[in-house]
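Subject: Structure for you to look at

Hello,

Here is the structure I said I would pass on. Please open it first, then read the notes below it.

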Amino acid sequence: MDPIKNISRRGFIKGIGLASGGLVLASTIYSFSKCNSETELVSEFNPNLFVQLNSDGSLILVASRSEMGQGVRTSLTSVIADEMEADWDRVIVKQATGDSKYGNQNTDGSRSVRILYQKMRQMGATVKAVLITAAVKYWGVPESECTAENHYIIHTSGKKIGFGDLVDIAKDLEIPKKVILKSPKDFKYIGKNLPSIDVENLSNGSAVFGLDKRVPNMKFAAIKRCPVTFGTVKTYDKTDALMVKGVLDVVEVPLLRKAFGSLGGVAVIATNTWAALKGRDALKIEWDDGDNASYNTESFMSTITANVQKAGQVEKSIGSVDDAFKKANKFVDATYQLPHLTHAPMEVPNAVVSVEEDSCEVWAPIQSPQAARREVANFLKLDEAKVIINVTLLGGGFGRKAKPDFIVEAAAISKAIKGPVQVVWSREDDIQHSYYHTVSAQYLKGALDSNGNVTGWLHRFAFPSIGSTFKPGTNLPQPWESSSAKDIPYDIPNMQIETGKADAHVRIGWYRSVINIPHGYAINVFADELAYEAGKDPLEFRLNLIGKDRVQETNDQYKYDTAKLKHVLKTAATNAGYSKQLPDGHAIGLAVHYSFYSHVAAAVEVSVVDGKLKVHQVNIVIDCGTAINRDTIKAQMEGSAIFGMSLAFYGKITAKNGVIEQSNFHDYQMLRMPDVPKIHVEIVESNDDPTGVGEPGVPVIAPAIINAIFKATGKRYRSLPLSDHGLV
Amino acid sequence: MITLKINGKEHTVDVDPTMPLLWVIRDIIGFTGTKFGCGKGLCGACMVLMDGNAVNSCLMPVSTMEGREIITIEGETENLQALQKSWAELNVPQCGFCQSGQLITATSMLNNNPNPNEDEINGNMSRNICRCGTYTRIKGAINHCVEQKNKS
């Protein structure tokens with residue numbers, strides 16, 4: 001399929017006002033309350049501005065979600081353009097500022113398209129309807145004789161008029177309340193391959209990320225934070241720092257003990273980033289490390305591993321697992337251990353903030369502009385209306401930039417120095433002061449009958465909860481942190497899911513696909529272990545375990561569908577050549593997981609030669625409902641394969657006496673080009689509502705690799721990363 | 001005072017001579033296309049061409065750069081521009097942050113080896129990290145660029 005081009009590439013432009021005389025569609029969309037359970041509730045109506053059509057035909061469409069590489073600036077706006085019958089070449093994308101008038105802007109949970117698809121369609125269809133009415137008035141013809149096509153309204157007689165020429169009439173017309181949406185067969189952009197609207201700017205250095213933002217009189221700052229989480233400054237000596245050429249000032253940053261508060265420390269302000277970093281090195285600080293200095297991940301892993309060997313809090317129980325284990329012909333159990341991870345986006349956290357007397361302006365790469373606005377307003381004791389959050393491009397996010405702590409830091413410094421400042425995190429800061437993906441221990445026990453059927457399934461897990469970041473002291477998983485284990489639709493008569501206690505000693509946060517990583521890992525590896533113990537082929541065994549076609553009960557419109565689950569698994573296996581003869585020493589491992597409402601499977605081919613692992617091929621199949629931009633979905637699956645391989649190969653963050661032991665890409669490694677396998681992606685054709693794409697590709701990768709290694713070598717690796725086992 | 005030649009133009013700067021070229025380019029001269037990724041020469045986000053070869057600008061003291069021909073992502077050289085065209089055609093970037101460095105490393109490779117094989121591409125490009133995982137497309141775009149050049 002040929003990609004559709006936007007030749008003009010006017011992408012990420014600045015300074016376009018939305019009230020410059022064109023047709024501005026004041027429509028309404030729902031605003032959602034922030035809700036961890038993913039069940040967004042309609043709380044209020046807000047007027048919003050997403051479309052501006054100018055009399056020269058140029059069309060400005062607003063993207064209300066943050067762009068971090070997932071292509072959201074292109075996908076959301078292309079939906080408006082499609083329904084509007086607009087010419088994609090005339091489209092300019094403008095980034096929304098952080099403001100409730102745009103609805104919920106949190107760019108997380110793989111939900112931007114899922115939540116906004118129908119609303120963006122309605123937005124486009126509404127503008128089209130107004131333009132048709134304008135043409136009807138202009139020509140004095142019946143509405144039934146007019147259609148919209150490629151930025152024109154066309155009359156049955158053959159005459160046509162451009163969208164831009166209708167602006168003067170259209171802007172005085174009523175906005176219709178009900179509109180008819182296109183039939184999917186008539187989609188022009190939806191379901192096709194649109195390159196990123198920003199692709200040229202991203203290839204020629206002109207794209208503006210947070211780190212690239214410059215404002216007049218801006219200074220640069222680097223902060224020395226306590227090596228132990230929530231430690232505080234006892235005393236500091238700034239004499240040497242002030243002697244560094246370019247250093248202007250040294251100020252203390254407060255520790256704010258709240259979810260998105262600043263970590264606190266000592267900031268060096270300078271005329272350039274290098275001087276700020278060098279000045280920071282010259283600071284002498286005595287810290288009060290606080291309680292978290294006791295944190296040692298090695299002993300912590302022993303503690304949570306012990307916790308999952310004993311009965312925990314029951315989250316779900318079907319039948320009786322005790323009976324199942326008593327009656328079992330054979331039982332199997334295994335313990336899985338996964339370490340902390342950190343996002344390490346290529347662009348480190350950073351923010352430019354300018355605090356004025358009674359207002360504040362922010363420019364930052366932020367996934368949650370409204371949370372940033374709220375936090376900054378709270379900190380400065382300003383009305384939110386006085387805080388402007390400009391969202392730049394994000395050089396990767398993966399959940400790290402959903403937390404605006406780094407913006408609060410910049411606000412604190414700007415306030416102290418009474419001028420604009422850019423806070424820059426070094427890579428060491430990023431690795432050592434993150435909101436970490438949780439560390440986990442999981443125990444699974446399965447009962448098999450004499451036919452090799454699974455009659456009992458016990459899954460017990462313990463990990464520090466993200467809830468602890470919001471409510472200190474939380475030491476059990478939140479309900480939504482258990483659901484990816486509780487909801488697996490395995491056809492087993494006796495199941496029990498239990499949680500064990502785990503205290504948090506670092507900030508725990510969302511990381512691409514979140515708790516689906518440990519759950520998807522343990523469930524998929526354990527199912528594979530059961531298959532071998534039952535003496536069955538893992539694919540057939542798994543299809544039987546999923547059982548007959550049925551839909552999992554859910555309280556929303558999205559369905560956990562076992563037919564889809566089996567389909568993606570079978571298709572991935574077929575695409576990988578599962579039943580074909582493979583080269584000597586090669587083997588294919590499988591994994592399937594449902595997350596962010598999408599059904600995804602992976603079939604990964606590996607070999608282990610002289611003790612070294614090589615991943616030859618990754619096949620991913622995703623059913624994400626209606627595909628909005630196929631090339632973007634393919635890119636996200638390719639990226640998920642690499643992200644999943646990076647964590648499987650190398651991902652491990654450890655703490656000793658509360659201090660994170662890794663510091664940069666030499667000891668927190670990423671996959672590089674020589675290790676990249678062939679990646680094949682299949683997107684299941686579907687007209688169902690669109691579901692998540694950015695995250696659900698990740699959880700299946702590591703378990704599929706582990707299962708493949710077992711098939712190839714007979715060795716089962718129950719902990720990650722594989723570098724710990726000498727395999728990479 | 002240190003005089004640098006960047007993208008064909010001379011810039012005279014008054015900075016700490018140990019300041020890495022990266023920060024001079026970004027904070028003093030103002031070309032922000034060259035990126036900071038790690039500050040230790042590990043990720044390749046800061047690559048610039050020095051006399052046609054890719055170097056980690058985060059490691060190069062500015063005082064050693066006098067008399068060198070520096071080209072950044074904003075600069076113009078035949079291979080860089082051909083690669084940028086391929087990058088857009090294959091829709092390579094996701095977040096795009098690492099792509100300046102990837103393009104400079106690829107340019108350097110083609111400057112020295114107009115027809116790299118797969119191992120040579122892997123070897124050269126292993127200097128750069130892409131956290132979004134666009135490696136397959138980067139490799140595809142390099143091959144596409146080489147094919148296009150060989151055709152013309």
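In this predicted model, 50 residues of chain B are in contact with 62 residues of chain A. The two chains bury about 4,500 Å² between them, and carbon and sulfur atoms account for 58% of it. On the chain B side, B:Gln94, B:Arg131 and B:Tyr135 supply 19% of the area buried against chain A, more than any other three residues.

The polar side of this interface is as follows. There are eight salt bridges between chain B and chain A. In a salt bridge between A:Asp631 and B:Arg137, the side chains meet at 3.1 Å, N to O. There are also 23 residue pairs in polar contact across the interface, counting pairs with both residues at pLDDT 80 or more. Helices that each supply at least two residues to the side of chain B touching chain A include α2 (78-89), α3 (99-112) and α5 (135-151) of chain B. The most comes from α5(B), which gives five residues.

Next, chain B by itself. The domain assignment splits chain B into domain 1 (2-71) and domain 2 (78-151). Their contact takes 15 residues from domain 1 of chain B and twelve residues from domain 2 of chain B. The area buried between these two domains is about 1,100 Å², with 56% from carbon and sulfur atoms. B:Met47, B:Leu49 and B:Ala54 supply 37% of what domain 1 of chain B buries against domain 2 of chain B, more than any other three residues. Between the two domains there are zero salt bridges, but seven residue pairs are in polar contact, both residues being at pLDDT 80 or more.

Now the interior. In soluble globular proteins, nonpolar side chains tend to be buried together. The largest nonpolar core here has 241 residues, and A:Ile407, A:Trp457, A:Phe649 and A:Ile705 are among those that touch the most other members. Apart from that core lies another, of 49 residues, including A:Val62 and A:Leu166. Leaving out residues up to four places away in sequence, A:Ile705 touches A:Val604, A:Met645 and A:Leu722, among others.

One last residue: is A:Arg280 buried or exposed? A:Arg280 has a relative accessible area of 10%, so it counts as buried, the cut-off being under 20%. A:Arg280 sits in helix α6 (residues 273-281) of chain A. A polar atom of the A:Arg280 side chain lies 2.7 Å from the backbone oxygen of A:Ile223. Among the residues that A:Arg280 touches are A:Lys224, A:Val268 and A:Asp429.

Regards

Technical notes
Residues are numbered from 1 along each chain as its sequence is written. Chains are lettered from A and ligands numbered from 1 in the order in which they are written. This is a predicted model: local features need pLDDT of at least 70, side-chain atom pairs count only at pLDDT 80 or more; totals for chains, interfaces and linings use all residues. Side-chain values use heavy atoms; hydrogens and water are left out. A nonpolar core is a set of buried Ala, Val, Leu, Ile, Met, Phe, Trp, Tyr and Cys residues joined through side-chain atoms within 4.5 Å. Buried means under 20% relative accessible area, exposed over 50%, partly exposed in between (1.4 Å probe, protein chains only). Contact means heavy atoms within 4.5 Å. Helices (H or I, at least four residues) and strands (E, at least two) are DSSP runs, numbered from the N terminus. A polar contact is a pair of N or O atoms within 3.5 Å; within protein, one must be able to donate a hydrogen and the other to accept it, and residues adjacent in sequence count only if both atoms are side-chain atoms. Domain bounds come from an automatic or database domain assignment. Buried area is the accessible area (1.4 Å probe) that two parts lose on being put together, summed over both. A salt bridge is a side-chain nitrogen of Lys or Arg within 4 Å of a carboxyl oxygen of Asp or Glu.
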